[in-house]
Amino acid sequence: MSNVGIDSEEFANEDWELYVGMQFQTIDEAKDAIKKYNIKKDVQRKVTKATSKKYVCECSHKAENGCNWKIRLSKSRRNVTFWVVSVYNETHTCSSN
């Protein structure tokens, strides 16, 4: 897998994962990857912060049961045209899993 986003071939492959350091060329590409990943894992997420420099999603069940799943993307410091996964806690501790 390349370090920049996920191509359609990789989306078809069930083995791809999100990871810290993963880069996306646009925020829309990143949102699409997060959405597809959550569909693949059968979990729900909600956007908790969306600015021109930061995008954060958390498990939609966090308030109910304290699930710690979270992903945060930030504009790359090296290349401001890229969005980079800067924080990723992939473990769902809720019953939606």
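The following dialogue examines how the elements, sheet and burial of this predicted model are defined.

Student: What makes the count 3 helices and 5 strands?

Tutor: Helices are DSSP runs of H or I with at least four residues, and strands are runs of E with at least two, numbered from the N terminus. The protein has 3 helices and 5 strands, in the order α-β-α-β-β-α-β-β from the N terminus on. Residues are numbered from 1 along each chain as its sequence is written. Because the model is predicted, local features need pLDDT of at least 70.

Student: Why are β1 and β5 called paired?

Tutor: Two strands pair if DSSP finds at least two bridges between them. Strand β1 (residues 23-24) and strand β5 (residues 83-89) are joined by 2 bridges, so they meet that criterion; they run antiparallel. One partnership is that of F24 with W83 in β5.

Student: How do you know that β4 pairs with β5?

Tutor: Between strand β4 (residues 70-75) and β5 there are 6 bridges, with the strands antiparallel; K70, for example, has N89 in β5 as its bridge partner. Strand β3 (residues 54-59) is joined to β4 by 5 bridges, also antiparallel, and C57 stands opposite I71 in β4.

Student: Which order do the strands take in the sheet, and which are the edge strands?

Tutor: The 5 strands form an open sheet in the order β1-β5-β4-β3-β2, with antiparallel pairing. The edge strands are β1 and β2 (45-50), since each pairs on one side only.

Student: What percentage of the residues is buried?

Tutor: Buried means under 20% relative accessible area (1.4 Å probe, protein chains only). Of the 97 residues in the protein, 37% are buried.

Technical notes:
This is a predicted model: local features need pLDDT of at least 70, side-chain atom pairs count only at pLDDT 80 or more; totals for chains, interfaces and linings use all residues. Side-chain values use heavy atoms; hydrogens and water are left out. Buried means under 20% relative accessible area, exposed over 50%, partly exposed in between (1.4 Å probe, protein chains only).
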